[in-house]
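I opened this entry to look up how the chains meet and where charged side chains pair. My notes follow the model.

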Amino acid sequence: MTIDLKTIKHISRLSCISLEDEKAQKLAGDLNSIFKFIEKLNELKIEDVEPLTSIAETTLKFRTDEVKSDNIREKILKNSPSDNEDFFVVPKVVE
Amino acid sequence: MSEITSLTLTELVKNIKEKKLSSTEITKAFVERSQKSKELNTYITEDFSSAIEKAKKFDDKPNFDLKLPGIPIAVKDLFCTNGVRTTAGSKILNNFIPTYESTVTQNIWQQGAILLGKLNCDEFAMGSSNETSFFGNVQNPIDKNLVPGGSSGGSASALAANLTPVTIGTDTGGSIRQPASFTGTVGLKPTYGSCSRYGIVAFASSLDQAGPMSKNVKDCALLLEVMSSYDKKDSTSIDFNRSKYSLELNNNIKGKKIGIPKEYRVDDMPIEIEELWKKGIEHVKECGAELVDISLPHTNYALPTYYIVAPAEASSNLARYDGVKYGFRSHGENLIDMYEKTRSEGFGDEVKRRIMIGTYVLSSGYYDAYYLKAQKVRRLIKKDFDVVFNQVDAILTPSTPSSAFKIGEKTNDPISMYLNDIFTVPINLAGLPGISIPAGLDKNDYPLGLQIIGKAFDEQNILNIAYSIEEKINFKNKITDWWIK
């Protein structure tokens with residue numbers, strides 16, 4: 001299987017990373033060699049193997065549902081690239 | 001007394017407790033040496049004046065009951081530090097100043113340590129040579145234009161160059177052990193769940209672990225003891241009975257069974273590494289341990305599995321960098337355009353490559369073929385270790401398939417870069433602890449490391465084995481201070 005330019009454009013869209021054509025071409029090459037390397041996994045018979053989703057394999061602990069009301073608005077907005085004191089500001093979404 | 005900056009952590013603590021040295025003297029010594037060592041490019045953010053102030057405060061009101069009393073420590077720039085810029089080596093976090101502290105760094109400050117600064121690393125810890133950092137390459141103090149390894153390259157370099165007495169790194173596929181091996185230092189990746197991940201910039205959440213890096217095994221045990229804790233803020237933190245690693249450290253490994261996996265004898269491995277491994281085997285034998293030939297049949301599938309699992313988790317973790325809440329933002333015509341430009345300009349090439357791989361393997365129609373398959377193979381890799389650990393107490397392998405390479409040597413070939421982690425990646429996939437210790441020099445006098453892998457939560461055992469090998473080897477790094485004019 002090879003990853004063509006069309007697929008690269010599709011992944012770029014999904015990842016929200018814009019790509020110039022020249023870079024897309026190089027990336028297609030890189031990804032193809034990486035996926036060729038990954039294809040080694042096809043040698044294994046794994047139909048009956050349970051997937052390993054978490055290495056710790058413990059059940060998550062419960063905690064009490066407590067209301068905490070810290071006033072952290074300032075902290076949260078401190079690093080924002082753009083805000084108007086109370087909110088994050090983004091380019092206009094609705095006309 | 002020898003120069004302050006060449007003392008080990010244990011020696012510094014002893015000197016402070018016996019009032020032979022003050023925290024201010026020690027901190028100033030490390031600051032001065034760091035200032036003379038800018039060519040190594042180990043620091044992303046220096047916090048020197050604040051460190052000296054904190055040291056003076058400590059000396060005014062010293063508390064000698066602490067485990068790291070007034071000891072200055074520089075840390076990898078992947079740990080969020082309250083009020084001190086944290087970049088993860090990325091342009092996208094270039095201006096990010098956390099308003100909270102990571103649990104691991106909080107643990108070390110609570111025991112009296114003082115932040116010296118934030119150390120360079122591969123961007124989002126994605127790399128094996130520190131060459132993907134937005135803040136530039138790091139020089140290995142061993143030789144000019146040599147990579148220090150990665151991703152904790154700045155940490156390893158600063159430690160080997162005596163700019164910090166110990167340091168902390170993170171390890172997702174070898175990012176502590178490989179740079180430790182490349183710089184002649186000790187690095188330990190703890191069992192998954194031992195050190196809290198709270199406040200560490202996430203790369204691949206099911207693999208990431210923080211761990212200590214040091215000049216010797218004793219320092220490593222002490223730092224791990226301070227770093228490791230159960231933390232409610234990390235849902236994968238594990239509540240187990242933690243050993244007092246430094247107090248229980250001993251070199252009695254008589255009767256321990258140590259496995260030698262045949263699959264780690266890879267093609268075209270340099271003869272020097274083969275020799276080093278043999279030497280290590282002889283050493284543990286002399287200490288009274290018993291060697292057992294073992295097999296970990298799925299070893300060769302670990303890297304392909306890792307390059308599905310890690311990018312998949314990374315693509316999800318890094319979705320948060322959208323230019324809205326914090327970090328770098330680019331200008332866009334509309335919201336989507338802003339997202340796409342921000343991420344395109346804010347991330348470097350390796351990070352983008354991995355996000356793309358991760359997005360692809362998780363995308364509709366490919367999930368079963370890649371991600372699910374990788375999770376199944378991950379189970380097989382873990383089973384290999386489960387079976388073997390019924391017969392042996394620990395496993396001894398080389399840390400890396402080669403010594404450090406030149407800057408630029410592998411940047412154009414991602415696969416050859418990835419192959420660096422062939423001996424370290426399986427341990428992350430299985431969630432086990434592993435330690436790399438310096439064990440010899442190659443023909444260029446570049447350090448080589450040996451790795452000891454343990455059962456889950458059995459850090460004490462691998463520390464003890466490392467301690468006894470260290471005693472036998474008596475390794476000395478050859479560092480000439482070439483960067484100091």
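I count a residue as buried when its relative accessible area is under 20%, and as partly exposed from there up to 50%. Asp322(B), at 14%, is therefore buried. Its salt-bridge partner is Lys325(B), at 3.6 Å from N to O. Lys325(B) is partly exposed at 31%. I keep in mind that this is a predicted model.

Next I looked up the interface. I find 51 residues of chain A in contact with 64 residues of chain B. The two chains bury about 5200 Å² between them, and 70% of that is on carbon and sulfur atoms. I note 19 residue pairs in polar contact across the interface. On the chain A side, H2(A) gives the largest share, 10 residues. By class, that side has 29 nonpolar, 10 polar and 12 charged residues.

Then I turned to salt bridges. The search finds 27 over all chains, and 4 lie between chain A and chain B. One pairs Arg13(A) with Glu340(B) at 2.8 Å, N to O.

Within chain B, I checked Glu39(B) and Lys144(B), which meet at 2.8 Å, N to O. Each sits in a loop, so the pair ties together parts that are 105 residues apart in sequence. Glu39(B) is partly exposed at 28%, and Lys144(B) is partly exposed at 39%.

I also checked Lys472(B) and Glu286(B), a salt bridge at 3.4 Å, N to O. This pair links helix H15 and helix H8 of chain B, 186 residues apart. Lys472(B) is partly exposed at 37%.

Conventions
Residues are numbered from 1 along each chain as its sequence is written. Chains are lettered from A and ligands numbered from 1 in the order in which they are written. This is a predicted model: local features need pLDDT of at least 70, side-chain atom pairs count only at pLDDT 80 or more; totals for chains, interfaces and linings use all residues. Side-chain values use heavy atoms; hydrogens and water are left out. Contact means heavy atoms within 4.5 Å. Buried area is the accessible area (1.4 Å probe) that two parts lose on being put together, summed over both. A salt bridge is a side-chain nitrogen of Lys or Arg within 4 Å of a carboxyl oxygen of Asp or Glu. A polar contact is a pair of N or O atoms within 3.5 Å; within protein, one must be able to donate a hydrogen and the other to accept it, and residues adjacent in sequence count only if both atoms are side-chain atoms. Helices (H or I, at least four residues) and strands (E, at least two) are DSSP runs, numbered from the N terminus. Ala, Val, Leu, Ile, Met, Phe, Trp, Tyr, Cys and Pro count as nonpolar, Asp, Glu, Lys and Arg as charged, and the others, Gly among them, as polar. Buried means under 20% relative accessible area, exposed over 50%, partly exposed in between (1.4 Å probe, protein chains only).
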